[in-house]
Amino acid sequence: IKEFKKQGVLGENNRGYVEVLGNNSEARSLADHENRDRKVIYQTIAEQNGLQSALDTIEKVFAQVQREKADPGEKIQTEDGRWITR
């Protein structure tokens, strides 16, 4: 995933998930697997804290964390939906 992020093929969207930015089947497969894992984590956090209705907020919080952790040159989606390069 990290290599595809460096290449600009994957980016972090504003919902807390990896998004494919182009047409690359290997990147899509990695993103699908990563996003399934992230969804499980987000849902588990919601369930363990009695916040089932707050999944949207949990996703947004993790999206912010991923934006902050992004390396220079990586693509991130801002809260308002714009894609920028960090």
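This dialogue goes through the sheet, helices, cores and two buried charged residues of a predicted model.

Colleague: Where should I begin with the sheet, and in what order do the strands run?

Modeller: Strands of a sheet pair through backbone hydrogen bonds, either parallel or antiparallel. Here four strands make an open sheet in the order 2-1-3-4, with mixed pairing. Strand 2 (18–20) and strand 4 (83–85) are the edges; each has a single partner strand, so one side of each has no neighbour in the sheet. From one strand to the next the twist averages 35°.

Colleague: In which sense do strand 1 and strand 3 pair?

Modeller: Strand 1 and strand 3 pair in the parallel sense, over two bridges. Within strand 3, lysine 75 is the residue that stands opposite glycine 11. Helix 2 packs on this sheet and touches strand 1 and strand 2; the direction of helix 2 makes about 155° with that of strand 2.

Colleague: How many residues does helix 2 have, and what span should I expect from them?

Modeller: The rise is 1.5 Å a residue, so the 24 residues of helix 2 should span 34 Å; the end C-alpha atoms are 35 Å apart, which agrees. At the start of helix 2, a side-chain oxygen of asparagine 24 comes to within 3.0 Å of the backbone nitrogen of glutamate 26. Just after helix 2, glycine 50 has a positive phi of about 65°.

Colleague: Which residues of helix 2 are buried, and what covers them?

Modeller: The buried residues in helix 2 are Ala27, Ala31, Asn35, Arg38, Tyr42 and Ala46. Their cover includes helix 1, strand 1, strand 2 and helix 3.

Colleague: What about helix 3, and which of its residues are buried?

Modeller: The span check works for helix 3 (residues 55–69): its 15 residues should cover 21 Å at 1.5 Å a residue, and the end C-alpha atoms are 21 Å apart, which agrees. Buried in helix 3 are Leu55, Ile58, Glu59, Ala63, Gln66 and Arg67. Helix 1 (2–7), strand 1 (10–12), helix 2 (25–48) and strand 3 (75–77) are among the elements that cover them.

Colleague: Which residues make up the largest nonpolar core?

Modeller: In soluble globular proteins, nonpolar side chains tend to be buried together. The largest nonpolar core here has seven residues in all: Phe4, Val9, Leu10, Val18, Val20, Ala27 and Ala31. Strand 2 and helix 2 each supply at least two residues of this core. Apart from neighbours within four places in sequence, alanine 27 is in contact with Phe4, Val9, Leu10 and Val20. A second, separate core of five residues includes Tyr42, Ala46, Leu55 and Ile58.

Colleague: Is arginine 67 buried or exposed?

Modeller: The cut-off for buried is under 20% relative accessible area. Arginine 67, at 8% relative accessibility, therefore counts as buried. This arginine 67 lies in helix 3, and its side chain reaches the backbone oxygen of glutamine 77 at 3.3 Å. Neighbours within four places in sequence aside, arginine 67 is in contact with Asn14, Ile76, Gln77, Thr78, Glu79 and Arg86.

Colleague: And what is the relative accessible area of glutamate 12?

Modeller: Glutamate 12, found in strand 1, has a relative accessible area of 2% and is therefore buried. Its contacts, with neighbours within four places in sequence left aside, include Lys5, Tyr17, Arg38, Gln66, Lys75 and Trp83. Glutamate 12 and tryptophan 83 are 71 residues apart along the chain, yet their C-alpha atoms are separated by 9.1 Å.

Conventions: Residues numbered from 1 in each chain as written. Predicted model: local features only at pLDDT ≥ 70, side-chain atom pairs only at ≥ 80, totals over all residues. Heavy atoms only, no water. Expected span 1.5 Å × (residues − 1). Buried < 20%, exposed > 50% of the residue type's maximum accessible area, 1.4 Å probe, protein only. Contact = heavy atoms within 4.5 Å. Pairing = 2+ DSSP bridges. Axes fitted to C-alpha atoms, helices over the stretch in contact; angles between N-to-C directions. Core = buried A, V, L, I, M, F, W, Y, C linked by side-chain atoms within 4.5 Å. Polar contact = N/O pair within 3.5 Å; in protein donor to acceptor, adjacent residues only side chain to side chain.
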